[in-house]
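Colleague: Could you take me closely through one part of this model, the sheet and the helices that pack around it, and then say how that part sits within the whole assembly?

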There are 2 protein chains.
Amino acid sequence: MTIPSLQTGEAVRQAARRGTWDRPTAGLAPGYVQTNVVLLPQAFAFDFLRFCLRNPKPCPVVDITAPGNPHPTSTVAAEADLRTDVPRYRVYQEGRFVEEVTEVTHLWGADWVGVLLGCSFTFEEALRRAGIPVRHVECGCNVPMYITNRATYPVGPFRGPLVVSMRPIPGDQVTAAVRITARYPQAHGAPVHIGDPAGLGISDLSQPDFGDPVPIHPGEVPVFWACGVTTHMALMEARLPVVITHAPGHMFVTDLPVAEAI
Amino acid sequence: MTIPSLQTGEAVRQAARRGTWDRPTAGLAPGYVQTNVVLLPQAFAFDFLRFCLRNPKPCPVVDITAPGNPHPTSTVAAEADLRTDVPRYRVYQEGRFVEEVTEVTHLWGADWVGVLLGCSFTFEEALRRAGIPVRHVECGCNVPMYITNRATYPVGPFRGPLVVSMRPIPGDQVTAAVRITARYPQAHGAPVHIGDPAGLGISDLSQPDFGDPVPIHPGEVPVFWACGVTTHMALMEARLPVVITHAPGHMFVTDLPVAEAI
């Protein structure tokens, strides 16, 4: 998807704020870092931040606001407002999905905190630039994601399994894929597992737990990266009275160039 | 300094706990990651953590405990107690040094949090293994440190200048020094500045603000890395009612092998 007018983080955020863009952000603002968004009351923010720091591969912290302040660091996104600048939000109460909305100003409290977490869109751009196929982009579908048999390190009410995304990579490009993605620790970094899905407790690659299955061609190896859905599962598990996230694929687009995400 | 009996993190921590070792940890437990230590009440911990996350080069978070829990993550240091396992602590009140002690169990409160921050001892070990000179180790003195004209990103009461450490590196080894230290983002990572000290507002390398001056040989370039003293200056600036740190050079020694700090 290429939208000529949405080529920068600022343009996407303003379109989301005005309500003229409420669709996924894949392919928008190429070259700018996109992030997961978690908005929650301060009472839970310290434990949540500790959970992210203890599980840095699935939950890389890119930015966090002061309590009550909906504006990220100006270098991350100038003039941005986390209550309005995401195309679609999801509201959860007690671990259950309640509604999907296009702005959350009415829900944001005086003590709320915004957390921005890295997203694999960043390294997919780098993989493509290096000529490494990104199958779900080729197929125009969502990346396949799997719940693994690995547990995250629990902190306070936050716990749950590690979730991974999978990209099939030609055998002779796996080394390059490792080296390239390792440069982006704030976008999940290097793979957590390469090859045998059973080693992660995944019995059938054609049945992902989230997203869509993708074909694996002869000579390709399934490569697994830590996935931001890990954070969402831990948030559901915590059954907080209320928490808001971006809707899947509807990311917050920053002003950070991908080249500087190294 | 080589102490035959203090070859592991566990051995150093137990000697500190028993009171049989209250001296600096440089050279002890070679190959194990050493860290800065900050102990403070939870009321300030969230802002302090946000300060560290906004300033990751000088303040790389290696671990953080739950409020009231003095034990780090078991993979970081099994069976450790942050109230007793540091050789010497410093206690500060309202930004002023109060006393230096060998354990702080009597000061630790039910809501206190322990934060472990990366330390350049980790990458110095890697530099030496690569045949790159580490001048202050050769000289048997403390690394020279300088207050720069760069400000840290302020968070809550925490603010202050970036402090750097300096190591003179032969011109043909600077590239290797950059590449090696870049592998250790949790130990300050790659240099923040190479060459001209004036670019950091440093007028005289022979007059460091902390530590000792070291000779720079012909053909060597001064290379500057972010320094953990940045954190201490921000803590002083914040004038918290009480905060405890390790005494300079008297680090907390973990069970993490340096090879895995990548």
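Modeller: I will begin with a pair of helices in chain A, keeping in mind throughout that this is a predicted model. The crossing of α3(A) and α5(A) is right-handed, and the residues that make the contact are A:Phe123, A:Ala126 and A:Leu127 on the α3(A) side, with A:Ala177, A:Ile180 and A:Thr181 on the α5(A) side. Two packed helices are described by the angle between their axes and the distance between the axes. Here helix α3, residues 121-129 of chain A, packs against α5(A) at an angle of about 135°, and the two axes are 10 Å apart. Angles over 145 degrees would count as roughly antiparallel and those from 65 to 115 as roughly perpendicular, and α3(A) and α5(A) are therefore oblique to each other.

From α5(A) one can pass directly to the sheet, since this helix, residues 174-182 of chain A, lies across β7, β8 and β9 of chain A and runs at about 15° to β9(A), which spans 220-226. The sheet itself is open and is formed by 4 strands of chain A in the order β6-β7-β9-β8, with antiparallel pairing. At its edges stand β6 (145-151) and β8 (193-194) of chain A, each with a single partner strand, so one side of each is left without a neighbour in the sheet.

Strands of a sheet pair through backbone hydrogen bonds, either parallel or antiparallel. In the case of β6(A) and strand β7, residues 161-170 of chain A, the pairing is antiparallel and extends over 4 bridges; within it, A:Ile147 has A:Val163 of β7(A) as its bridge partner. A further helix, α6 of chain A (residues 229-238), packs on the sheet, where it touches β6 and β7 of chain A, and its direction makes about 160° with that of β7(A).

Elsewhere in chain A, strand β1 (residues 32-41) contains A:Thr35, a residue that is buried, with a relative accessible area of 0%. Leaving aside residues up to four places away in sequence, A:Thr35 touches A:Val62, A:Leu116, A:Leu117, A:Cys119, A:Met251, A:Phe252 and A:Thr254.

As for the assembly, chain A is superposed on chain B by a rotation of 180° with 0.0 Å of shift along its axis, at an RMSD of 0.0 Å, which is the relation of a two-fold axis. The C-alpha of chain A nearest that axis belongs to A:Phe46, 2.9 Å from it. Of the interface residues of chain A, 100% are also interface residues in chain B, so the copies meet through the same surface.

Key:
Residues numbered from 1 in each chain as written. Chains lettered and ligands numbered in written order. Predicted model: local features only at pLDDT ≥ 70, side-chain atom pairs only at ≥ 80, totals over all residues. Heavy atoms only, no water. Least-squares fit on C-alpha atoms with pLDDT ≥ 70 in both. Contact = heavy atoms within 4.5 Å. Helix = DSSP H or I, 4+ residues; strand = E, 2+ residues; numbered from the N terminus. Buried < 20%, exposed > 50% of the residue type's maximum accessible area, 1.4 Å probe, protein only. Pairing = 2+ DSSP bridges. Axes fitted to C-alpha atoms, helices over the stretch in contact; angles between N-to-C directions. Parallel < 35°, antiparallel > 145°, perpendicular 65-115°, else oblique. Left-handed = near helix turned anticlockwise from the far one by under 90°.
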